[in-house]
Structure formats: structure tokens, C-alpha cells
Amino acid sequence: MSTIFLFVFLCVLAVAYCQNIDPIDQLIKSEMDRQGMTGGIGLGIIYGNHSYYQGYGYADVKNSTPIDPYRSMFRWASISKTVTAITSVAGGISLDTPLSELCRTFPKPIAFFEGDKISPLPEHTPDFTMRRLLSHTAGYRSYSDVPSFVESATPPSELANNPLVNRGIDWATRRVMYQPLALVPGTKFSYTTMGFNLAGWAIEQVTGSSIMTNMERYVFRHVDAGSIQPDYEWESIPNRVVGYQQDGRPTGSDDVSWKLPGGGLISTVRDLAKYGDAVLHSAMLTAEQKSILWSPPFPESGSYALGWVTKRVNDQIVEVSHDGGQQKTRTTLHLYPADGLTLAIMCNWEGWVWNQDFLTKLYALAKDYVK
């Protein structure tokens, strides 16, 4: 951030204080106007013993239902991955045992797609493990990184939305489990929700309990929040927000519970923020476990550790985060361990774009204003 920009920003902040104007409100509304959004935003900030929750715009434009940070229910999308990673580490799941040994019913990968051709994995391929799955370096397929003739990883809507067919992640994972890998494990970072689905499936196989039961046991019992749950499309969940496409039209609503470990949770923005604060401050994780989660395990994983994107300055973690994007939602969760600050934003417009300048300003305001 340049010296001139910082000076101007602080001047604007001083004027806002003098005029008794909420500078966070100003920033959010300005960004909403700049992006021309439809729908609304839920904001949650927790800084030490202080919290700030606000809603902007509409949960349902047609019925003029405003966003309520305590009631409006947003999909988490890929922020769900952070919970799966924590569940694995806090639950003592082996990160380095080959998955075919950890889960006897999982077929050991022997091939991968080389273009449209199926080729055998090289002789000295790294083991296919939970650590690889949680860092997106296992070579497991995503939505569209395999040849078009291969069965889609996304179940058809008529199946996913039918609870008599959709029996959860075991059903969804077994649809693609026997397919060749998209890449040779360890060759490069390749983001994949299906890989996290497989990690959740492995947790179920090892523990004999559902992934949600494990999440509640190792994660959510430490969170003072009652709205966090799977987003089952066939269940009537009060206060679900309406989703809007980039052009402003309402979007559809297909079930996402089949990919719960990679993107299937729903809650209010207050409870997402409370989850983030509990990651920082509760007994959910030891310091050693946080170090495991927030340390990128392989050179090819870059800044992505185990379910979290990390930012370091002088080899010290200054920020861990994850974004989410799927039908009906755009989300982001940022934790600042040194400050003890949590920032959560949830949006029901699919056209929303996170830009670093906006997030940097919001972080600065949160530190100065939420106290």
C-alpha cells in the first residue's frame, strides 16, 4: 500500500469518525455499487472480545427481504474444505498412510489420463494419501480436468435432489472412485472439490461415522453457533437466501450435500465468523495441529497448506483464508492469527469478485473500528 494511498485513506477515516459515519458501511456499500451487484452481503467481524455483524442489500430481491446477519442462511461453498482438513487433523486420521491401506475398499490408483489416453502411473509415483488430497496434489480429478467421454463427477440434478437416490458422499464418491487420476500425484497443484469429497469419504470409512458427525465431534462442538448444517436441498431450511446470476436473474438451487466435505455447508454469516474465531481461540486445535494445517506440505502446493491458503511474512503466518464460490453464493473467510481477528463475508450474487484492495481496506478498518 503506497504512502499517499494510506494518507488519503486515513484522512477519509478521520472525517467519517467526525461525522459519526460508519466507515465499514461506507466501504461495503461503495464496493456493492462499484460491482453493480444484485442481492446482498452478510458481514461478520470478530476482534478479540468485540464483534460486528451487518447485512447489506437483499436476501430476496422480489420480496424485499433484507440480509440479516443473524438469520440469513448462505452456502459456505469451498470454505467447507477448511472443516474437513481440521476434522482430519484433530481426529487423528493418518495423513501419510496410503489411502488404499487406510480404507481397504478404496482401489489403489494405477493409471491416469494423459490427454485422452489412459496411461499407467510411473513406477515411483508418490503414495496417494490424505496429505496429498488435502493439499490438492494427489492428482485426483476435479469437475472438468478429464476427457469429455468420462462420466461427470457432478451427479445429474434429478439424482442429486432426490434423497432416495442421493445417500451422501459415499454415493457420490463411488460414482467416480474407479476412474483414472487426472494427473500423476505430486506433479503439480490441481484444485479439486472431488479430492476433498474423497478425503471426507475416507474419514467416514476410518471412523465408522458420517462426515457430519465427525465435524460436530472435532470442530463444531467448539463453536458457539447453532445454524451450521449440511444444505440438503429437500429440507426446508428457514431463511435461505435466494441466489442471483451475474446478470441479476435468480439462479437455480441444486443439492450440494453430496459434496459436503468440499462445499456443502450452510449457515448465517455470524456463525461463519464464530467458526473462524473458534479456530483461532478455542480448544479445537493445539498449536502443533495448527502448524500442520497451515504449513504447505509440498513445493508444488505453493501457499495452499491443508485446506487453508496461507500468507507468511518473514516466515511468520500473518493470514490464513479460504474463498468459496458455487451456485447461489460467493464467500470468503480470513483469519489473522497475530491480531486475533476474524473476517467473514457471504454474498448471494454469483457475479461478485473479491479484490485485494477492498479486502485490505476492510481489514484496516476492522482493526481500527471494531473495538
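The paragraphs below lead through the sheets, helices, cores and a few single residues of this structure.

The model is predicted, so local features need pLDDT of at least 70 and side-chain atom pairs count only at pLDDT 80 or more, while totals for chains, interfaces and linings use all residues. Residues are numbered from 1 along each chain as its sequence is written, and side-chain values use heavy atoms, with hydrogens and water left out.

A good place to begin is the sheet of seven strands, which is open and has the order E3-E2-E1-E12-E11-E10-E9, with antiparallel pairing. Its edge strands are E3 and E9 (309–313), each of which pairs on one side only. Strands here (E, at least two residues) and helices (H or I, at least four) are DSSP runs numbered from the N terminus, and two strands are said to pair if DSSP finds at least two bridges between them. Strands of a sheet pair through backbone hydrogen bonds, either parallel or antiparallel.

Within this sheet, strand E1 (residues 40–47) is joined to E12 by seven bridges in the antiparallel sense, and isoleucine 41 stands opposite cysteine 347 in E12. Strand E12 (residues 341–347) also pairs with E11, again antiparallel and over seven bridges, with threonine 332 placed opposite isoleucine 345 in E12. The hairpin of E11 and E12 has four residues between the strands, and in this hairpin glycine 340 takes a positive phi near 70°. On the other side of the pairing story, E11 and strand E10 (residues 316–326) run antiparallel and are joined by seven bridges, and here glycine 324 stands opposite threonine 331 in E11. Strand E11 itself (residues 329–336) is mostly covered, since seven of its eight residues are buried, where buried means under 20% relative accessible area, exposed means over 50%, and partly exposed lies in between (1.4 Å probe, protein chains only).

The hairpin of E10 and E11 has two residues between the strands, and lysine 328 is found in this loop. Most residues other than glycine have a negative phi, and most peptide bonds are trans. Lysine 328, however, has a positive phi near 85°, and with a relative accessible area of 8% this lysine 328 is buried. Alanine 77 can be read alongside, as a residue that is not a glycine but has a positive phi of about 55°. Alanine 77 lies in the loop between strand E4 (74–75) and helix H3 (80–90), and counts as buried because its relative accessibility is 1%.

Two helices lie across the seven-stranded sheet. Helix H11 (residues 269–281) lies across E1, E2 (50–60), E11 and E12, running at about 150° to E12, and helix H13 (residues 356–369) lies across E1, E2, E11 and E12, running at about 130° to E12. For such values, axes are lines fitted to C-alpha atoms, for helices over the stretch in contact, and angles run from 0 to 180 degrees between N-to-C directions.

There is also an open sheet of three strands, in the order E4-E8-E7 with antiparallel pairing. Its edge strands are E4 and E7 (229–230), each pairing on one side only. Strand E7 pairs with E8 (residues 265–267) over two bridges, and glutamine 229 stands opposite isoleucine 266 in E8.

Helix H3 packs against helix H9 (residues 211–218) at an angle of about 70°, with the axes 9 Å apart. H3 is therefore roughly perpendicular to H9, a term for angles of 65 to 115 degrees, whereas angles under 35 count as roughly parallel, over 145 as roughly antiparallel and the rest as oblique. Val83, Thr84, Thr87 and Ala90 of H3 meet Asn214, Met215 and Tyr218 of H9 in this contact, where contact means heavy atoms within 4.5 Å.

Turning to the interior, the largest nonpolar core has 72 residues, and those with the most contacts inside it are Trp76, Ile86, Phe220 and Tyr275. A nonpolar core is a set of buried Ala, Val, Leu, Ile, Met, Phe, Trp, Tyr and Cys residues joined through side-chain atoms within 4.5 Å. Leaving aside neighbours within four places in sequence, phenylalanine 220 is in contact with Trp76, Val83, Met212, Met215, Ile228, Leu265 and Tyr275. Apart from this core lies another, of 25 residues, among them Ile45, Tyr52, Leu341 and Leu359.

Phenylalanine 149, by contrast, is exposed, with a relative accessible area of 56%, and has its place in the loop between helix H5 (130–134) and helix H6 (157–160).
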